[in-house]
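Here is a walk through one protein chain, from its overall make-up down to a few individual residues. Have the viewer open as you read.

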Amino acid sequence: MVVKSSVLKELESLYTRPGNQLFVLSGRADSEKELLLKQFLEKKKHFYYRARPASALEQRNRMGAELADKMKTALTKYTYDEYFNRVRSGDPTKLVVVIDEFQHIVKKDGEFIASVLKLKGKRLYPGPVMILLCSSAVAWVDRELGDCIGETAAKKIDETIRIGNLNFLEVVRALPEYPVSECIRVYGVIGGVPGYISRWESGKSLKENLCRLVLREDGYLHGAVEALLKAELRELSVYETILAAIAGGVDKLNDLYLATGFSRAKISVYMKNLSAFGIIQKVVSFETGGWENAKKGIYRICDHYVNFWFHFIYPHLSDFYMMEPEEFYDTRIAPGMDAYLGRYFIEVCMEYMQLLDMVGKLPLSIHKMGTWVGKKGNIDIIAQNGIRQNMVGLCNWDRPQLTMAMCEDLFSNMEKARIKAEHYYLFSAKAFEPAVTELAARDKRFILVDMNQL
């Protein structure tokens, strides 16, 4: 099983702080939150309680019963004050109190957060304590927690921690049997969701894994997109209509209005919700002088698997249920896979440049980085230092060679964007045309990066 190691390290660092602390930890379903907590709590004195969707009275009774059993203590009042007064580490070491899916409590019982603040303030338990309030309701934590518990209580939270997805390097480490090229394919399809990666078998091909996990009715990812959307969103028919349009290339607000028939005001509200939930993002072109040639206000599905689902599965849902998995893959997925993965190859190349920057192996230090989306043509990567010197990246995933013609297109797009570059990074998943290799040999501004280097 795979967890986000950087979050685990962060929790370990926070644990070493002196005194009492209160943290909120959130991670979407399939973030492996529970596994991460289990690893963090190992060999630490702790009390863990998993809240249920229950009434306030039932919740208090359930926590009381579990605490009485684990702490071997008798309870009389069955209040949160009493519970947090009875938890003990048994020695001077710091106690960790974890209330998982705590949203089920605070939405119904105001006494809970009051007792949590007393616990933090040493009014119920004298020893050092680390309090972790955990939730898989990510959007709720980001947007509604403060209103739910009140401004005073919200200010008492020391930090809010998000369990994010694995980056590409972490995906590579999690799939050691795969070459980098195959890791890019996996990353483009399911992203870095820990729970998805944990169930991927790196001893099997992309096709075999997709047939097993996605295309069979009992597959782990078969209904994952709908479950993800249902977790915090309502009116799925509206959301799915919008997502299908975006996946089909309708990426501007006005075009979405025309394609879906929904009002602009309604689309704006739903787009805001999808953005808050981490499903879509508004793409802003890297700031250059050529604004008249740039696309403005376009949207993309940023969740890799949601994008894959609405790109390959949703348009062919009837075949999805009628065809055998292997036939569906060969007919509906395989022909368009390489073209689809080009966008994610750009993401991987960006991460590669960021890693080189971290270890001081780039000719310029990166201050900001992005893409330029033109009305006619794009620039895959623009990385700029603090004094506006630029490195430009060109990424070739699906063509047999990165050619001089592709470089000429890049130069043309740079003119439209009104941008110049001190250095050029040319990435190719397969090979370079001899003319490009010769260019790099005589002009040191051009740096070639192939799959082996990645």
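Helices and strands here are DSSP runs, at least four residues for a helix and at least two for a strand, numbered from the N terminus. With that naming in hand, arginine 388 sits in the loop between E9 and E10. Keep in mind that this is a predicted model.

**The chain as a whole**

The protein chain has 22 helices and 12 strands. Its C-alpha atoms fill a box of roughly 80 × 55 × 45 Å along the principal axes. Of the 454 residues, 51% are buried. If you take the contacts with a separation of 6 or more, 67% of them come from residues 24 or more positions apart.

**Strand E9 and its two partners**

Why is E9 described as largely enclosed by the rest of the structure? Strand E9 covers residues 378-384, and 6 of its 7 residues are buried, so the rest of the structure largely encloses it.

On one side of the pairing list is strand E8 (residues 368-373), which runs antiparallel to E9 and is joined to it by 5 bridges. Within that pair, tryptophan 372 stands opposite isoleucine 379 of E9. The hairpin of E8 and E9 has 4 residues between the strands, and glycine 377 takes a positive phi near 100° there.

E9 also pairs with strand E10 (residues 390-396), again in the antiparallel sense, over 4 bridges. Here glutamine 384 stands opposite asparagine 390 in E10. These two strands form a hairpin as well, with 5 residues between them, and arginine 388 is in the turn.

**Two arginines with positive phi**

Most residues other than glycine have a negative phi. Arginine 388 goes the other way, with a positive phi of about 65° although it is not a glycine. Arginine 418 also has a positive phi, of about 55°, and it is not a glycine either. Arginine 418 lies in the loop between helix H21 (404-417) and strand E11 (423-428).

Are these two arginines buried or exposed? Arginine 388 is exposed, with a relative accessible area of 55%, and arginine 418 is exposed with a relative accessible area of 55%.

**Loop residues on the inside**

Some other loop residues are buried. The table lists three of them with their relative accessible areas.

| Residue | Relative accessible area |
|---|---|
| Leucine 175 | 1% |
| Serine 202 | 14% |
| Aspartate 251 | 16% |

The cut-off for buried is under 20% relative accessible area, so aspartate 251, at 16%, counts as buried.

Leucine 175 is placed in the loop between helix H10 (168-174) and helix H11 (180-190). Setting aside residues up to four places away in sequence, leucine 175 touches Cys183, Val186, Ile197, Trp200 and Ser202. Serine 202 itself belongs to the loop between helix H12 (194-198) and helix H13 (206-215). With the same sequence neighbours left out, serine 202 touches Leu175, Glu177 and Tyr178.

Aspartate 251 is in the loop between helix H15 (236-247) and helix H16 (253-260). Not counting residues up to four places away in sequence, it touches Lys295, Gly297, Ile298 and Tyr299.

**Nonpolar cores**

How many residues does the largest nonpolar core have? It has 86, and Ile279, Tyr305, Phe308, Phe345 and Phe427 are those with the most contacts inside it. Helix H20 (residues 325-358) supplies the largest share of this core, 15 residues. A second, separate core of 35 residues includes Phe47, Tyr80, Val116 and Tyr125.

For a local look, try tyrosine 305. Leaving aside neighbours within four places in sequence, tyrosine 305 is in contact with Val189, Ile190, Tyr196, Val214, Leu221, Ala224 and Val225.

**The second largest pocket**

Rolling a probe the size of a water molecule over the atoms shows where empty space is left. The second largest pocket holds about 390 Å³ of space. Its lining has 20 residues, and Ala137, Trp140, Ala231, Glu232 and Leu233 lie nearest the centre. Helix H5 (103-106), helix H7 (138-143) and helix H14 (224-232) each supply at least two residues of that lining. Split by class, the lining comes to 9 nonpolar, 4 polar and 7 charged residues.

Terms used. Residues are numbered from 1 along each chain as its sequence is written. This is a predicted model: local features need pLDDT of at least 70, side-chain atom pairs count only at pLDDT 80 or more; totals for chains, interfaces and linings use all residues. Side-chain values use heavy atoms; hydrogens and water are left out. Buried means under 20% relative accessible area, exposed over 50%, partly exposed in between (1.4 Å probe, protein chains only). Two strands pair if DSSP finds at least two bridges between them. Contact means heavy atoms within 4.5 Å. On a 1 Å grid over the protein atoms alone, a cavity is a set of points where a 1.4 Å probe fits but cannot get out, and a pocket is an open set with protein on both sides within 12 Å along at least five of seven lines; lining residues have an atom within 4 Å of a point. Grid points are joined across faces, edges and corners, and a volume is the space filled by probe spheres set on the points. Ala, Val, Leu, Ile, Met, Phe, Trp, Tyr, Cys and Pro count as nonpolar, Asp, Glu, Lys and Arg as charged, and the others, Gly among them, as polar. A nonpolar core is a set of buried Ala, Val, Leu, Ile, Met, Phe, Trp, Tyr and Cys residues joined through side-chain atoms within 4.5 Å.
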